[in-house]
Amino acid sequence: MCPGSHPSGAVESIQAEQLRRALAGEPPGVLAGRPRKTVAVVSGKGGVGKTHFALNLALTIGDRLRIPSALVDADFGLANADVLIGLDARLTLANVLRGELLLKEILVPVSDRVWLVPGGSGIADLAEMDAGRVRKLLPELSCLDDLAEVLVIDAGAGIQSAVREISIASDSIVLMTTPEPTAMKDAYGMLKSLVQSYGTGRLAEKELFLFINMAFSEIEAREAAFRMQTVSRKFLGLELKELGYLPHDIRVSRAVKAKCPLVRLYPHSELTERIERAARRVLASPDAAMPRAGNDATPGKAGAWRRFLQVFLAGRERGEKEG
Ligand SMILES: Nc1ncnc2c1ncn2[C@@H]1O[C@H](COP(=O)(O)OP(=O)(O)OP(=O)(O)O)[C@@H](O)[C@H]1O
Ligand SMILES: [Mg+2]
């Protein structure tokens with residue numbers, strides 16, 4: 001069995017117990033210096049390893065760095081983060097947005113400090129729903145802030161408006177690509193579409209990270225990163241911070257087939273170390289809870305998820321007015 005996983009079938013009782021304990025515990029953010037942020041993992045081309053990376057990043061932050069985290073499966077094309085941990089989540093964010101369930105009823109505990117918000121077509125529904133209606137659900141949706149301080153959002157691939165809207169509402173964006181020219185061209189296209197929609201200034205306020213996956217050598221990874229950074233700086237005026245790279249490695253595929261996250265199956269591997277270094281870099285920046293200029297979230301120490309939803313909905317409302 002996958003180390004650290006729950007026996008299948010026991011999810012509901014574990015969920016109830018963990019929710020009770022988590023909600024009864026200390027409110028988040030009370031420890032000084034703790035990050036409260038949303039991190040969107042995006043790519044231009046599909047299949048570059050976002051879901052695998054996002055899941056392992058959330059697990060590393062929660063289990064290894066001991067900061068409560070959640071993985072929000074917002075890949076409206078094909079939500080499958082649950083499958084990577086050997087679960088088949090039937091109740092998703094879509095049920096919450098339709099008013100059928102509460103958010104806490106769909107949350108899946110992945111470990112003591114990591115939660116999964118199963119996606120389905122959830123965020124796509126969120127993007128299509130009347131923003132005013134979703135706004136009414138905000139107080140209930142915000143309960144995720146009582147459980148997690150870092151939200152890793154698996155935001156999907158491509159230049160669809162929902163991927164852009166998730167990116168711009170997040171504090172940090174991790175742009176993933178492989179060193180293949182097609183993947184890099186699409187990653188650049190993704191960044192360019194963000195600049196065209198929101199302007200360089202709004203993007204420059206965010207932390208933009210670049211992660212290279214499936215590199216066949218360190219040189220290949222470095223060259224890919226250098227090329228992406230150079231074109232982004234020259235043509236878009238954006239600085240991409242290097243988050244690191246993962247080599248192409250058969251163990252990733254083994255972990256996916258075993259439905260066991262890599263950091264659990266190979267806790268002492270170089271791959272796990274690389275993911276942990278990336279997690280530390282993501283968390284190294286200042287607390288994102290205080291909005292910077294141009295961020296239209298309510299000022300103050302709002303939770304990261306609530307802030308994300310507010311910016312996301314404000315964008316929707318603007319879009320609705322313009323449309
Ligand atoms: N570093 C790696 N080495 C080898 N295989 C990898 C690596 N990273 C990911 N993979 C493989 O690539 C495949 C796609 O990974 P994943 O589903 O995470 O990509 P994705 O970007 O989320 O795809 P999609 O855009 O379809 O959602 C998986 O089968 C996984 O095993
Ligand atoms: Mg995916």
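**Strands, helices and a ligand shell in a predicted model**

The protein's secondary structure adds up to 15 helices and 8 strands. The model is a predicted one, so everything below is read from computed coordinates. Of the 323 residues, 48% count as buried. Contacts tell a related story: among those with a separation of 6 or more, 80% are between residues 24 or more positions apart.

Strand 6 is a good place to start. Here 6 of the 6 residues are buried, so the strand is largely enclosed by the rest of the structure. In a regular strand, side chains alternate between the two faces of the sheet. That pattern is easy to pick out here: S172, V174 and M176 point one way from strand 6, while I173, L175 and T177 point the other way, and all are buried. Strand 6 also has partners. It pairs with strand 1 in the parallel sense over 5 bridges, and A40 has I173 of strand 6 as its bridge partner. Strand 7 pairs with strand 6 as well, again in the parallel sense, over 6 bridges. In that pairing, S172 is matched with E207 of strand 7.

Strand 4 (residues 114-117) is another strand covered on both faces, with V114 and L116 buried on one side and W115 and V117 buried on the other. Its pairing with strand 2 (residues 69-73) is parallel and uses 4 bridges, with A70 standing opposite W115. Strand 3 (residues 108-111) is joined to strand 4 by 3 bridges, and these two run antiparallel. W115 turns up here too, as the bridge partner of P109. Strand 3 and strand 4 make a hairpin, with 2 residues between them.

Now for the helices. Helix 9 (residues 181-198) has 18 residues, which at 1.5 Å a residue should span 26 Å; its end C-alpha atoms are 26 Å apart, so the two agree. The buried residues of helix 9 are A183, M184, D186, A187, M190, L191 and L194. They cover an arc of only 170 degrees around the axis, and therefore sit on the same side of helix 9. An α-helix has 3.6 residues a turn, so residues three or four places apart point the same way. The buried residues of helix 9 pack against strand 1, helix 8 (161-169), strand 6, helix 10 (200-204) and helix 11 (218-236). Turned away from that buried side is a face carrying the exposed residues P181, T182 and Q196. Just after helix 9 comes G199, with a positive phi near 90 degrees.

Helix 14 (residues 270-283) can be read in a similar way. Its 14 residues reach 20 Å from first C-alpha to last, close to the 20 Å expected at 1.5 Å a residue. T272, I275, A278, A279 and V282 are its buried residues. They take up an arc of only 120 degrees around the axis, which puts them on the same side of helix 14. Their cover includes strand 1 (37-43), helix 2 (50-64), strand 6 (172-177), strand 7 (207-215), strand 8 (241-247) and helix 13 (262-265).

Finally, there is ligand 1. Of the 19 residues around ligand 1, the nearest are G46, G49, K50, T51 and H52. Helix 2, strand 7 and helix 12 (250-257) are the elements that each give two or more residues to this shell. By type, the shell around ligand 1 divides into 7 nonpolar, 9 polar and 3 charged residues.

Note on methods. Residues numbered from 1 in each chain as written. Chains lettered and ligands numbered in written order. Predicted model: local features only at pLDDT ≥ 70, side-chain atom pairs only at ≥ 80, totals over all residues. Expected span 1.5 Å × (residues − 1). Buried ≥ 20, exposed ≤ 12 C-beta atoms within 10 Å, placed from the backbone. Arc of directions from axis to C-beta. Contact = placed C-beta atoms within 7 Å. Near = placed C-beta within 6 Å. Nonpolar A, V, L, I, M, F, W, Y, C, P; charged D, E, K, R; others polar. Pairing = 2+ DSSP bridges.
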